[in-house]
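Here are a few exercises to get you acquainted with a new structure. Have a look at it, try each task, then read the solution.

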Amino acid sequence: MSANHYLLIILWIIYYVVHSIAAATSVKNFFYKKWKDEGLYRLIYSLFAFIALAAILIFQYSFSSPQLFSLNQLMFLPVIFAILPGLMIMFISIKKYFVALSGIRRVMGESEIVELKVNGIHKFVRHPLYSGTILFVWGLFFIFPYLNNLICVVLLTVYVWIGVLFEEKKLTIVFGKQYKDYSNSVPRFIPKLQGIKKGSV
């Protein structure tokens with residue numbers, strides 16, 4: 001690996017650490033009290049995340065990176081089984097929850113609605129946006145199998161897995177038995193082939 005690849009690893013780790021700190025409940029509560037505006041913090045947080053992400057991706061593709069394996073005619077399979085399904089899941093999730101997650105709702109003067117989502121795509125997996133994202137990025141890697149892309153998808157996968165464990169702890173605190181029952185009925189990332197059990201939330 002070149003020095004740029006090591007720097008890329010460091011940048012992704014810093015991004016995920018800062019992202020996690022900014023999303024921590026204690027940090028959010030501090031700024032909520034300081035600014036008296038929950039929506040403003042969420043909006044700034046979303047803008048920072050987007051700009052920082054764009055900057056790292058620009059750097060990631062600003063230098064040459066070795067190809068890890070050769071492409072062949074079977075490379076269309078990731079498009080069918082990972083990229084397209086991943087994009088569909090991401091689109092559904094982002095379209096449904098972007099306004100609430102970004103803080104735009106509060107900036108527009110609307111109140112935030114805190115509720116456990118168990119309908120729609122959430123009947124099949126608890127974290128559809130993460131499932132779609134992982135599918136999408138790994139599908140892209142198998143079409144563009146370069147070292148810089150491998151670094152990106154591996155670190156993203158690790159971050160998502162760790163982040164979900166902390167997120168579920170918070171959801172359990174907020175929703176209690178409702179979330180425990182839901183998590184016992186619906187898988188985290190991969191939907192059950194036989195469908196959802198009877199009596200699921």
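**Exercise 1.** Work out which residue's side chain meets that of Arg126 in a salt bridge, and where the two partners lie.

Solution. Start with the cut-off: a salt bridge is a side-chain nitrogen of Lys or Arg within 4 Å of a carboxyl oxygen of Asp or Glu. The side chain of Arg126 meets that of Glu168, at 2.8 Å from N to O. Next, place them: Arg126 sits in the loop between helix H5 (104-107) and H6, while Glu168 belongs to helix H7 (residues 147-175), so the pair ties together parts 42 residues apart in sequence. Helices here are DSSP runs (H or I, at least four residues), numbered from the N terminus.

One note before going on: this is a predicted model, where local features need pLDDT of at least 70 and side-chain atom pairs count only at pLDDT 80 or more, while totals for chains, interfaces and linings use all residues. Residues are numbered from 1 along each chain as its sequence is written, and side-chain values use heavy atoms, with hydrogens and water left out.

**Exercise 2.** Decide whether Arg126 and Glu168 are buried or exposed.

Solution. Buried means under 20% relative accessible area, exposed over 50%, and partly exposed in between (1.4 Å probe, protein chains only). Arg126 has 10%, so it is buried. Glu168 has 8%, so it counts as buried too.

**Exercise 3.** Find out how Arg188 joins in.

Solution. Its side chain meets that of Glu168 in a salt bridge, 2.8 Å from N to O. This pair links distant parts of the chain, 20 residues apart: Glu168 is in helix H7 and Arg188 in the segment after helix H8 (177-185). Arg188 counts as partly exposed, at 23%. Put together, Arg126, Glu168 and Arg188 are linked in a network of salt bridges.

**Exercise 4.** The whole structure has 3 salt bridges; explain the spacing of the one between Lys177 and Asp181.

Solution. Their side chains meet at 2.7 Å, N to O. Both are in helix H8, 4 residues apart, so about one helical turn separates them. An α-helix has 3.6 residues a turn, so residues three or four places apart point the same way. As for accessibility, Lys177 is exposed at 62%, whereas Asp181 is partly exposed at 29%.

Technical notes
Helix = DSSP H or I, 4+ residues; strand = E, 2+ residues; numbered from the N terminus.
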